[in-house]
Each structure stands twice: as structure tokens, then as C-alpha cells.
Amino acid sequence: MIPILRLEAIRHSYGGHFTLDIPSLAIWPGEVFAVVGPSGAGKSTLLRLLNFLEKPQQGRVYLHEKAYTASNLPIELRRRMAAVFQQPLLLNASVWRNVSYGLRVRGSRNGRDAIQQALDEVRLTHLAKHPAHRLSGGEAQRVSLARALVLNPEVLFLDEPTANLDPGNVRIIEDIIRQANQVRGATVVLVTHNIWQARRLAHRVALLFDGEIIETAAVDDFFQHPQDPRTQAFLTGDLIY
Ligand SMILES: Nc1ncnc2c1ncn2[C@@H]1O[C@H](COP(=O)(O)OP(=O)(O)O)[C@@H](O)[C@H]1O
Ligand SMILES: [Mg+2]
């Protein structure tokens, strides 16, 4: 099996104070890979590099073992990826129109079934005609997820998708992520500072700390037998963040 995404010899700095330093990292097809770590550790930066939104200052990003950058990634490969961020960015239009947006951009016709399916998956069929700007924060995030799912992405990138949401919406969104992985077969890269969410959803977990991956392990090993003292401290809450 070849990795779906792979980082090699990545170094990426902001000013003098932060460097993301990843000698190597592979994301495997079909997995849910969670990145946890304190605020400012570099989680979002790592996600932007994996997602070809940002070009690394040093090193290479491979998709299916071919190196690309943000500027030369072919559009048909770009279209196999979708991302959802902490703050949903919705159009001032109906829920339906928001979900159909990505399909329209891609010139896709006959999207009705796909839109209906995505709305069912995020449990918002009853709000299809509702203006998106009147939704709650959790509903708006579920629209963002539907907009990503309707594209049936090969890789789904999620950056803190449930931060600041109520427990009911967190539960629904975790179900949506699980279903995207298990039913649609999407590979999921999930950034979260909620370690319990990582434990519930991920197959593998990486701890990012100060721009470096301290430990990567299968989910049970990560939580039951953490190897690095900083992972132990993070899990017990002794690492302040
Ligand atoms: N575009 C940017 N310009 C300058 N500094 C940035 C930029 N993006 C992130 N940083 C800095 O890089 C560090 C890591 O940020 P980030 O990747 O957002 O961490 P996390 O998502 O783990 O909170 C922080 O110190 C942040 O202030
Ligand atoms: Mg972040």
C-alpha cells in the first residue's frame, strides 16, 4: 500500500519564533488520522501544507507518491480533496444552494441526488430551503460538512470542526465524520485539540508540540501506552495549553 499523502523533510517558519519541522509523515488510504496538540503547536499549518493550500519553504508533499505544490497541483487532483474549518463560511443563500455550490463550481449537472444525500447525512433535509445565515453554529458547520461531502472527496481535511459547539452538535458531527470514513470511504485528516474526540474517531493519532511531531501511534497505543513524557503529560492534562 502506498500513502495517499506523504510529507518529506518539511521545514516551514513564521518569523523567528515558529518552525514546523516534519522529517516524514505518511497518511494511509482509508484511515482517520488525528493531529492533536496545544494551541500554537502548528496543527493548522500542518493541515494547510497537507492540503496544498500553502507551499512548504523546504521539503516536499506527495499525493499518491508524486510531489506537487500549491501552484502545480492539477485541478482534477485538487478536486479530490475537501476541507472544513472551524468557522463555517457560508453564502448568504439557502442551505440547499450552499450545499450545491461546489457542484456548480465544478459544472456538475444532475446533482440533486448527491445534494439530497449529503443533506440526509448531516440531518438537515428539513432545513433545505432555510436561509443559511439564520442557522445555529452547529447547523452551519453541518452545512459546511455537507458542502464538502457532496463532492465525495477522497481526502477530507477537518480543522477543529467542533470547536465551541454544543455537545448535541458535536455528537452529530462525529457521526458524520465516522460515516464519511466508513461509508463513503474518505480518508480523514482531523485536527483537534479535543483528545477525546481523537480517541473516539481516529485510527492513528499524532501529537504535535512546538512544530514537531512528538509521537504517532495507533489510537489504543497512543492513549494506553504513550511513549514520550510530553504525550503522557498532554493526556493527563499536565501540559498546560
Ligand atoms: N500565516 C501566518 N503568519 C505568521 N504566523 C503564523 C501564520 N500562521 C500561523 N502562524 C504562527 O505559527 C504558529 C503555529 O500556528 P498554527 O499552525 O495556527 O497552530 P495551531 O493550529 O496548532 O494552533 C503560531 O505561533 C502562529 O501564530
Ligand atoms: Mg489551528
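**Two helices and a ligand shell**

Trainee: How do you know that the span of helix H6 (residues 167–182) agrees with its 16 residues?

Mentor: Helices (H or I, at least four residues) and strands (E, at least two) are DSSP runs, numbered from the N terminus, and the expected span of a helix is 1.5 Å times one less than its number of residues. For the 16 residues of H6 that gives 22 Å, and because its end C-alpha atoms are 22 Å apart, the two agree. This is a predicted model, in which local features need pLDDT of at least 70, side-chain atom pairs count only at pLDDT 80 or more, and totals for chains, interfaces and linings use all residues. Residues are numbered from 1 along each chain as its sequence is written, while chains are lettered from A and ligands numbered from 1 in the order in which they are written.

Trainee: What makes H5 largely enclosed by the rest of the structure?

Mentor: A residue is buried if 20 or more other C-beta atoms, placed from the backbone, lie within 10 Å of its own (exposed if 12 or fewer, partly exposed in between). In H5, 11 of the 13 residues are buried, so the helix is largely enclosed; among them are Glu 139, Arg 142 and Leu 149. What covers these buried residues includes strand E6 (81–84), helix H3 (95–105), H4, E7 and H6.

Trainee: Which residues of H6 are called buried?

Mentor: They are Val 170, Ile 172, Ile 173, Ile 176, Ile 177, Ala 180 and Asn 181, and they pack against elements including strand E3 (32–36) and helix H7 (195–201).

Technical notes: Two residues are in contact if their C-beta atoms, placed from the backbone, lie within 7 Å.
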